[in-house]
Amino acid sequence: MSDSILRVGETCWRIAPADRVAFLVDGDAYFRACADTMERAQRSIMILGWDLDSRIHLRRDEAGAAQPLAAFLDACVRANEDLHIHVLLWDFAMIYALEREPLPMFQFGWRTHPRVHFYTDGEHPLGASHHQKLVVVDNAVAFTGGLDLTKVRWDTPAHLPDDDRRVAPDGTRYAPFHDMQTMVDGQAAAALGDIARFRWAAATGEQLPVPDAPDDPWPATWEPAVRDVPVGVCRTLPAYKGQTEAREIEQFHVAAIAGAQETIYLENQYFTSNTIREALEKRLRGDAPPEVALVL
């Protein structure tokens, strides 16, 4: 991998092997895969979110009926006395208060079993936010990508204009929504577990042990897209309270654009980074520039 854009300490934090990788396009696939995996958890579930909503349904039938997230997590720990669930939510700025579920501590922390541990994380510089969307089950299977376990994220790839299941907790319909999540196992999942435990310790001061679960939580209902591949784990971290800054996600994108030969496909919710704009401009002005497709 001498010519790889994955360079530890520059464009990624670690390169870790995964036996299986699945790409979950849109909320329906992610929510169902996440529920299937969490139900197989034996020791630990860690959930990190920019936003969370206890009222969402991970599985939705044609009538839209299913178990809300908080009740689902409560049922998981009540079915297994060895299981602990740690939920870490960004302690969001008040400007988002009207968009979010009120009193999440009450929903996740007070109405669920004591082995569902909930905390809000405000350990970041002024004006910043925690934007990781991460679920780690038994340190063996992990999900990361663009989707939070929250409202107005569920949809199918059909993006039907009228879908009775695409309804917010207050009963209002919302527009089609597109995003995706990645599901990995093996050492790649363990690396994401290290990130989750680091975040929990930074927020709470509590060092969580690495869970030792005997069985594989990857559900048989989900076939991997690829097998036996190296996975680059990239981070963004601010210089804060002695923490070293990391800009691996930014540097990965710059390196990927610079190394592109034929095609660059960018799909993003927003496009506001001058660094990425400059990297694209530089590559397009270079020799044999690639075709660029940008979807917002």
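This briefing walks through a strand pair, a nonpolar surface patch and a buried arginine. The model is predicted, so please read each feature below as part of a predicted structure. A good place to start is strand S12, which pairs with strand S11 and also holds Leu294, one of the residues in the nonpolar patch.

**Strands S11 and S12**
- Strand S11 covers residues 263-267 and strand S12 covers residues 291-295; the two run parallel and are joined by five bridges.
- Within this pairing, Glu267 sits opposite Val295 of S12.
- To get from S11 to S12, the chain passes through helix H6 (residues 274-285), giving a right-handed β-α-β crossover.

**The nonpolar patch**
- Phe271, Leu284, Val292, Leu294 and Leu296 together form a nonpolar patch of about 420 Å² on the surface.
- Leu294, which belongs to strand S12, has a relative accessibility of 40% and therefore counts as partly exposed, since that class lies between the 20% and 50% cut-offs.

**Arg166 and its polar partners**
- Arg166 lies in the loop that links strand S6 (141-145) to strand S7 (180-185).
- Its relative accessibility is 2%, so Arg166 counts as buried, the cut-off being under 20%.
- On the side-chain level, Arg166 makes a polar contact with the side chain of Asp155 at 3.2 Å.
- A polar atom of the Arg166 side chain is also 2.9 Å from the backbone oxygen of Tyr174.

Definitions and conventions
Residues numbered from 1 in each chain as written. Predicted model: local features only at pLDDT ≥ 70, side-chain atom pairs only at ≥ 80, totals over all residues. Heavy atoms only, no water. Pairing = 2+ DSSP bridges. Helix = DSSP H or I, 4+ residues; strand = E, 2+ residues; numbered from the N terminus. Right-handed = clockwise from strand over helix to strand, strands pointing away. Patch = residues over 30% accessible without salt bridge, like charges linked within 9 Å, V, L, I, M, F, W, Y side chains within 5 Å. Areas by Shrake-Rupley, 256 points an atom, 1.4 Å probe, with all protein chains shown as cover. Salt bridge = Lys/Arg side-chain N within 4 Å of Asp/Glu carboxyl O. Buried < 20%, exposed > 50% of the residue type's maximum accessible area, 1.4 Å probe, protein only. Polar contact = N/O pair within 3.5 Å; in protein donor to acceptor, adjacent residues only side chain to side chain.
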